[in-house]
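Hello,

Here is the structure for you to look over. My notes on the sheet and its helices follow below.

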Amino acid sequence: MLVECDYSSWNPFKNHGCKGGSMDSAIQWIQTNGGLATETAYPYNSGTGSQGSCESSGKTLYCAPSGKVDVTAADKDAMASAVCDGPVSIAIEADQNAFQLYNGGVFDGTCGTSLDHGVLLVGFGTDSSDYWKVKNSWGSSWGESGYIRMVKGTGKNEGKGQCGILMGGVYPTFS
């Protein structure tokens, strides 16, 4: 629904369908729209990279956020606190081979901070080192069943985190 409906020229938040967008803008659009339809009612069908047209009329909408919280950039404690409350939408740099070919373990490979991919921060833990657990959108055959564990150290990329993970996050609030 976001890919097909949060796109048109009248939309003040101006996301770009299959060509990307902003998590902040998506939350604002959902709030203004009054929520989202379920996946059953509005199935995802743009996986080929072509965007369909918005067909939201007559759909029952759920979970309209009352607002959003922006997580303080470059603050791993603020990010950890936020993810304790629930998933946090973040952007990372995912265009490097080391990231794209990830298949397990705590990722400590080379990547920068040119943010180009939206993902979901879902937790953190410790294995061989401290890590963030991130859900990717590339399907369950990628990484660890669709997830990646990214090193949590603050020294990465001048405090911006592995692949820019600490450059900011956002999550919706509900009242």
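Helices (H or I, at least four residues) and strands (E, at least two) are DSSP runs, numbered from the N terminus. Contact means heavy atoms within 4.5 Å. Axes are lines fitted to C-alpha atoms, for helices over the stretch in contact, and angles between N-to-C directions run from 0 to 180 degrees.

The model is predicted, so local features need pLDDT of at least 70 and side-chain atom pairs count only at pLDDT 80 or more, while totals for chains, interfaces and linings use all residues. Residues are numbered from 1 along each chain as its sequence is written, and side-chain values use heavy atoms, with hydrogens and water left out.

Helices first. Helix 2 (residues 23-33) lies across strand 1, strand 2 (88-92), strand 4 (117-126) and strand 7 (169-173). Its direction is about 170° to strand 1. Helix 3 (residues 76-85) also packs on the sheet. Helix 3 touches strands 1, 2, 4, 5 and 7, and makes about 90° with the direction of strand 4.

Now the sheet. It is open, with 7 strands in the order 1-7-2-4-5-6-3 and mixed pairing. Two strands pair if DSSP finds at least two bridges between them. Strand 1 (67-71) and strand 3 (106-107) are at the edges with a single partner strand each, so one side of each has no neighbour in the sheet.

Strand 6 (residues 147-151) runs antiparallel to strand 5 (residues 130-135), joined by 5 bridges. Val134 sits opposite Ile148, and Trp132 opposite Met150. Strand 3 runs parallel to strand 6, with 2 bridges. There, Val106 faces Arg149. In strand 6, 4 of the 5 residues are buried (under 20% relative accessible area, 1.4 Å probe, protein chains only), so the strand is largely enclosed by the rest of the structure.

Best wishes

Definitions and conventions: Buried < 20%, exposed > 50% of the residue type's maximum accessible area, 1.4 Å probe, protein only.
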